[in-house]
Every structure is written in C-alpha cells, then in structure tokens.
Amino acid sequence: NLGTVKSGRALAFDGAVDYATFTQYHHPTTSSWSGWIYVTADQNGDFWQGSNAAPNTHGISLCYRTDNRIETVRAIDDADGTVRCNSSANSIILNTWHHIVVSYSSSDVGSLWIDGKSDVADTEVGANQGTGRIGSRTNDSNFFSGYLSNIQVYDCELTEADAQFLYTHPEMLAHQRSGTSVTSSNIELWYPMTEGNPENPQTTI
C-alpha cells in the first residue's frame with residue numbers, strides 16, 4: 001500500500017488553531033520539498049509556509065485548496081515580494097494519504113509530483129504569503145485540517161526518479177536511493193513528524 005505512511009504516525013492539525021514554526025531556510029538557487037499529507041476537511045489550508053521576501057531567498061509554500069488542488073508558491077522577486085503560484089492539474093482525495101514533491105530549478109522552473117506521478121501546473125503571479133509556519137499562514141489564517149508526516153526540504157533539485165522513490169519508500173530520504181545525485185548534505189530541513197516518537201523529540205508538539 002504505497003499510499004500509507006508505514007509507521008502510522010503523523011502530526012495532527014485541527015484546522016482551527018494548530019500550527020508549528022520552523023527555522024527559516026534560504027535558497028539562493030534550487031530547492032525541493034517532499035512530504036505526506038492527509039486532508040480531513042475541505043477548507044483552504046496552508047500546510048507549509050516557507051516563502052520569504054528577504055533578499056536572495058526562494059522558499060516554497062504549499063496550500064490545500066477547496067477545489068481539491070494543491071497550490072505551490074515560490075518567491076521570484078525578493079524586492080517586491082512577487083511570487084509564482086502553481087496549481088496542480090490533478091485533485092487529491094480527502095481522508096487519504098497523498099505524497100507531494102515540488103522541485104524548483106535555479107531559473108525558477110518548477111516540477112510537481114503527486115503520488116509519484118508528474119503533474120502539469122498552471123502558472124500565475126500572486127502575492128507573498130509569509131514564512132516559517134507549518135499548518136497555517138503567519139497571519140493566523142488558512143489553518144490546515146489533517147495530518148502531516150516526513151517533511152523534507154532540500155537545497156537541490158529532485159528528479160522524477162527521486163520523487164517516485166520517496167513515494168514508494170514512505171519513511172526514507174532521497175539520498176538513500178541508489179543512483180541519485182542527492183546527498184545527505186543537501187538536506188536543509190527534515191521533520192519526521194512522528195508525534196510521540198522518542199527517537200524524534202524535536203517533532204513532538
């Protein structure tokens with residue numbers, strides 16, 4: 001069952017007040033995000049807020065939308081906070097685990113995979129939405145309702161083979177795939193999100 005997090009452990013977000021903060025990271029060139037999401041309510045919810053208007057920063061933000069699409073946001077103009085918004089062409093199913101990978105090149109060209117399958121994204125320009133939160137926007141809005149597990153942020157591009165490996169190996173990291181160019185030094189942030197797991201106390205909220 002590729003659509004299930006093996007340990008069954010994840011952090012729960014209630015869609016009303018729950019959120020977590022994380023250390024801001026900076027990507028002057030390439031960046032990628034990987035993680036498992038399980039949406040329990042059909043409401044707009046930001047499950048990762050990493051976009052940033054600071055100089056030379058190209059963070060990634062991700063949102064579940066009520067049209068059952070995933071929206072990814074990438075800063076493309078740090079001076080005025082302009083970002084590139086990509087909406088997934090394919091929908092996700094409520095109360096089901098889905099694996100998301102988004103990867104950006106140094107020229108801000110993005111790739112999106114849902115459950116190991118490439119997704120064609122539409123592009124538009126929008127406004128920056130904040131930085132440094134899991135489960136909501138920084139202005140205490142768009143609270144995410146559901147579960148998150150094994151979030152990984154890389155300072156490099158991930159390939160389709162990497163995305164498929166992460167989907168078929170739910171609790172592993174990209175550099176563990178044989179033949180990948182990704183190394184452990186490419187990991188910017190890793191949040192297993194295994195609530196109550198004594199091996200990962202930093203993720204227990």
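Start with the whole chain as a surface. It exposes about 8,700 Å², and carbon and sulfur atoms supply 47% of that area. Accessible areas come from the Shrake-Rupley method with a 1.4 Å probe, and for residues only the protein chains shown count as cover.

This is a predicted model: local features need pLDDT of at least 70, side-chain atom pairs count only at pLDDT 80 or more, and totals for chains, interfaces and linings use all residues. Residues are numbered from 1 along each chain as its sequence is written, and side-chain values use heavy atoms, leaving out hydrogens and water.

Switch to cartoon. The chain has one helix and 14 strands (DSSP runs numbered from the N terminus: helices are H or I, at least four residues; strands are E, at least two). Of the 205 residues, 52% are buried (buried is under 20% relative accessible area, exposed over 50%, partly exposed in between; 1.4 Å probe, protein chains only).

Select glutamate 71. This residue sits in strand S6, residues 70-77. Its relative accessible area is 10%, so glutamate 71 is buried. Now add arginine 65. The side chains of glutamate 71 and arginine 65 share a polar contact of 3.3 Å (a pair of N or O atoms within 3.5 Å; within protein, one must be able to donate a hydrogen and the other to accept it, and residues adjacent in sequence count only if both atoms are side-chain atoms).

Go to asparagine 142. Look in the loop between strand S12 (133-134) and strand S13 (145-154). Its phi is near 50°, a positive value in a residue other than glycine. Most residues other than glycine have a negative phi.

Finish at asparagine 150, in strand S13. Its phi is also positive, about 50°. Is asparagine 150 buried or exposed? At 5% relative accessibility, asparagine 150 counts as buried.
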